[in-house]
Amino acid sequence: FAKTREAVAAIGTDNVMGSPAFVIDWASWAKWSTKAIDAGSGKFLWNGSGESGDVNGYRGIVSQHLPSSKSVTGVFSEMILAYWDGVDVIVDPYSRKKEGIVEVSATILMDIGVRYPEAFCVSTDTAAA
């Protein structure tokens, strides 16, 4: 609980504007959702169920796209998601026609940039909580 507060404070100390959010992996979620923050309130480090919840009053998201035991705390409006060349959509009614399946695939070329690196704090021992 104290480490989550430290992560938010580190971002705030760097004068980042906006509300931070926590992104954790499923192994960390398993620990955080059962770790009580104190002896009697009935509140846990992760409050809520499934893929979204509440961590210390801030939004929490679970993603399998993070390496195990890592978490990212940050103001995600400081992340830039850029794409170019539009979206390519291909409809293939022939490859699996005997099964009655039309295959549709879409491709988009994207990149991610960070406008203000101080807006993010990465933890490498999140599941150790």
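## Strand 1 and its partners

Strand 1 and strand 4 run antiparallel and are joined by 4 bridges. Before going further, keep in mind that this is a predicted model. One of the residue pairs across this join is V23 of strand 1 with V72, its bridge partner in strand 4. Strand 1 also pairs with strand 3, again through 4 bridges, but here the two run parallel. On that side, A21 sits opposite R59 of strand 3.

Where do the side chains of strand 1 point? A21 and V23 go one way, F22 and I24 go the other, and all of them are buried. That fits a general habit: in a regular strand, side chains alternate between the two faces of the sheet.

## The whole sheet

Now for the wider view. Strand 1 belongs to an open sheet of 5 strands, ordered 2-3-1-4-7, and the pairing is mixed. Which strands stand at the edges? They are strand 2 (52-55) and strand 7 (120-123); each has a single partner strand, so one side of each has no neighbour in the sheet. On average, neighbouring strands of this sheet are turned by 25° against each other, ignoring direction. As a general point, strands of a sheet pair through backbone hydrogen bonds, either parallel or antiparallel.

At the strand 7 end of the order, strand 4 (residues 71-74) pairs with strand 7 in the antiparallel sense, over 4 bridges. V72 turns up again here, standing opposite V122 in strand 7. So V72 is worth finding in the picture, because V23 in strand 1 is its bridge partner too.

## Helix 1 across the strands

Helix 1 (residues 2-13) lies across strand 1 (21-24), strand 2, strand 3 (58-62), strand 4 and strand 7, and it runs at about 45° to strand 4. Does its length come out as expected or not? At 1.5 Å a residue, its 12 residues should span 16 Å, and the end C-alpha atoms are indeed 16 Å apart, which agrees.

The buried residues of helix 1 include T4, A7, V8 and I11. Looking down the helix axis, the buried residues fall within an arc of 90°, so they line one face of helix 1. Among the elements covering them are strand 1, helix 2, strand 2, strand 3, strand 4 and strand 7. Over on the other side of helix 1, K3, R5, E6 and T13 are exposed. Just after the helix comes N15, which takes a positive phi of about 60°.

## Rings in and around helix 2

How many aromatic pairs are there? The count comes to 3. One of them is F22 with W32: the ring centres are 6.3 Å apart and the planes are at 70°, so this pair is edge-to-face. It links distant parts of the chain, with F22 in strand 1 and W32 in helix 2 (residues 26-32), 10 residues apart. Are these two buried or exposed? F22 counts as buried because its relative accessibility is 1%, and W32 counts as buried at 4%.

Another pair is W26 with W29, whose ring centres are 5.4 Å apart and whose planes are at 70°, so this one is edge-to-face as well. W26 and W29 are 3 residues apart in helix 2, which puts about one helical turn between them. In general, an α-helix has 3.6 residues a turn, so residues three or four places apart point the same way. W26 counts as partly exposed, at 30% relative accessibility, and W29 is partly exposed too, with a relative accessible area of 23%.

## Just past helix 2

S33 has its place in the loop between helix 2 and strand 2. With a relative accessible area of 18%, S33 is buried, because the cut-off for buried is under 20%. Which residues is S33 in contact with, leaving aside its neighbours within four places in sequence? They are F44 and W46. S19 is 14 residues from S33 along the chain, and their C-alpha atoms are separated by 22 Å.

How values were computed. Residues are numbered from 1 along each chain as its sequence is written. This is a predicted model: local features need pLDDT of at least 70, side-chain atom pairs count only at pLDDT 80 or more; totals for chains, interfaces and linings use all residues. Side-chain values use heavy atoms; hydrogens and water are left out. Two strands pair if DSSP finds at least two bridges between them. Axes are lines fitted to C-alpha atoms, for helices over the stretch in contact, and angles run from 0 to 180 degrees between N-to-C directions. Contact means heavy atoms within 4.5 Å. Rings of Phe, Tyr and Trp (its six-membered ring) pair if their centres lie within 6.5 Å; planes under 30 degrees apart count as stacked, over 60 as edge-to-face and the rest as tilted. Buried means under 20% relative accessible area, exposed over 50%, partly exposed in between (1.4 Å probe, protein chains only). The expected span of a helix is 1.5 Å times one less than its number of residues. The arc is that of the directions from the helix axis to the C-beta atoms.
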